[in-house]
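Subject: Structure handover

Hello,

Here is the structure I said I would pass on. My notes follow below it.

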Amino acid sequence: MTDKSFFIDTTKCTACRGCQVACKQWNMNPATKTKQRGTHQNPEDLSFETFKLVRFSELEDNGKPVWYFFADQCRHCIEPPCMYTAQALGVNAINRDDKTGAVLYNPKVKVKEADAQTIRGSCPWDIPRWDKKTGGLAKCTMCIDRITNGILPACVKTCPTGAMNFGDRNAMLNLANKRLKEAKKIHPKAQLLNAESVRVIFLVIDDPKKYHKFAQASDPEKITRTAAMRKIIRPALKLSRLVG
Ligand code: SF4
Ligand code: SF4
């Protein structure tokens with residue numbers, strides 16, 4: 001099996017939330033209790049039990065309402081800062097599947113709250129979530145049980161518009177670049193988000209911040225093993241100097 005990637009074309013997303021529901025269903029995650037917050041986005045955020053969330057950004061353009069939809073999830077980073085941070089902390093809960101490139105969490109491993117916060121803080125897309133009750137960390141699994149049996153991830157299989165795509169990385173990069181070229185003809189600000197660093201490539205047509213605060217990593221060059229390790233090692237060195 002060759003390494004895999006998703007391509008998420010936000011220009012085709014209608015925010016039907018089929019992907020979000022399919023993700024819950026396949027992972028047997030319970031529904032999340034929510035309340036009316038004056039937005040169609042529901043639930044409010046990702047959680048230990050919500051790995052996929054269609055974010056609704058409701059804006060105004062020249063007096064007209066504009067909606068940006070963003071089917072958020074783990075980006076399955078090529079050099080995952082969360083995994084390197086966990087390793088530096090001695091937390092054995094995160095691995096990368098060599099064949100597909102999927103970054104996999106073991107939610108049954110108990111992680112201290114402070115360590116979980118550091119791991120979450122190392123993710124440039126603010127993805128992993130910790131559960132107080134079980135002490136586990138969880139996020140999107142790339143449907144590893146499906147894809148290793150030749151079946152598409154549940155979110156991709158469900159998407160009725162072609163917004164969610166999945167396949168070999170080269171094929172997804174080709175598709176993403178083809179769609180970018182087409183989108184640019186109408187939307188000059190169209191861009192792919194962190195395409196070189198992640199396995200979940202989003203196409204957006206405007207400033208990524210309009211979609212979601214963490215849609216794009218602010219400094220993609222820093223998504224490296226060295227950068228992740230530096231975040232952990234520097235505070236540890238400071239502490240050892242203080243107590244030494
Ligand atoms: S997006 Fe965040 S949680 Fe997912 S692999 Fe990258 S650093 Fe880890
Ligand atoms: S299933 Fe497809 S169209 Fe529906 S919300 Fe998800 S990405 Fe958008």
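Beyond its neighbours within four places in sequence, Arg179 is in contact with Phe7, Asp9, Thr11, Lys12 and Leu203. This arginine belongs to helix 6, which covers residues 169-186. Arg179 counts as buried because its relative accessible area is 16%, and the cut-off for buried is under 20%. Measuring from C-alpha to C-alpha in the model, Ala190 is 9.7 Å from Arg179, with their positions 11 residues apart in sequence.

Please keep in mind that this is a predicted model. The mean pLDDT of the protein chain is 92, and 89% of the residues reach 70 or more. The exception to note is residues 240-244, where pLDDT stays under 50. For that stretch the model has 0 contacts beyond four places in sequence.

Some overall figures come next. The protein chain contains 8 helices and 10 strands. Of its 244 residues, 48% are buried. Among contacts with a separation of 6 or more, 61% are between residues 24 or more positions apart. The exposed area of the chain is about 13300 Å², and carbon and sulfur atoms supply 53% of that.

There are ligands to look at too. Ligand 1 is surrounded by 13 residues, the closest being Cys74, Arg75, Cys77, Cys82 and Cys123. Helix 2 (81-89) and strand 5 (103-105) are the elements that give two or more residues to this shell. By class, the shell around ligand 1 holds 10 nonpolar, 1 polar and 2 charged residues. In helix 2, the buried residues include Pro81, Cys82, Met83, Tyr84, Thr85 and Ala86. Gly90, just after helix 2, has a positive phi of about 80°.

Ligand 2 also has 13 residues around it, and here the closest are Cys13, Cys16, Arg17, Cys19 and Cys159. That shell divides into 9 nonpolar, 3 polar and 1 charged. Cys19 is also one of the buried residues of helix 1 (residues 18-26), along with Gly18, Gln20, Ala22, Cys23 and Lys24. The cover over the buried residues of helix 1 includes strand 2 (53-61), strand 3 (64-72) and helix 5 (154-158). Just after helix 1, Met28 takes a positive phi of about 55°.

On the strands, strand 1 (residues 4-9) pairs with strand 8 in the antiparallel sense, over 5 bridges. Ile8 stands opposite Met164 of strand 8. Strand 8 spans residues 164-168 and is mostly covered, with 4 of its 5 residues buried.

A few backbone details are left. Which residues are joined by a cis peptide bond? They are Asn42 and Pro43, with omega at about 0°. Pro43 sits in the loop between helix 1 and strand 2. Ala15 is not a glycine, yet has a positive phi of about 60°. Ala15 lies in the loop between strand 1 and helix 1, and counts as buried at 12% relative accessibility. Cys143 is another residue other than glycine with a positive phi, near 50°. Cys143 is placed in the loop between strand 7 (137-138) and helix 4 (144-147), and is buried with a relative accessible area of 7%.

Regards

Note on methods. Residues are numbered from 1 along each chain as its sequence is written. Chains are lettered from A and ligands numbered from 1 in the order in which they are written. This is a predicted model: local features need pLDDT of at least 70, side-chain atom pairs count only at pLDDT 80 or more; totals for chains, interfaces and linings use all residues. Side-chain values use heavy atoms; hydrogens and water are left out. pLDDT is the predictor's confidence in each residue, from 0 to 100. Contact means heavy atoms within 4.5 Å. Buried means under 20% relative accessible area, exposed over 50%, partly exposed in between (1.4 Å probe, protein chains only). Accessible areas come from the Shrake-Rupley method with a 1.4 Å probe; for residues, only the protein chains shown count as cover. A residue is near a molecule or strand if one of its heavy atoms lies within 4 Å of it. Ala, Val, Leu, Ile, Met, Phe, Trp, Tyr, Cys and Pro count as nonpolar, Asp, Glu, Lys and Arg as charged, and the others, Gly among them, as polar. Two strands pair if DSSP finds at least two bridges between them.
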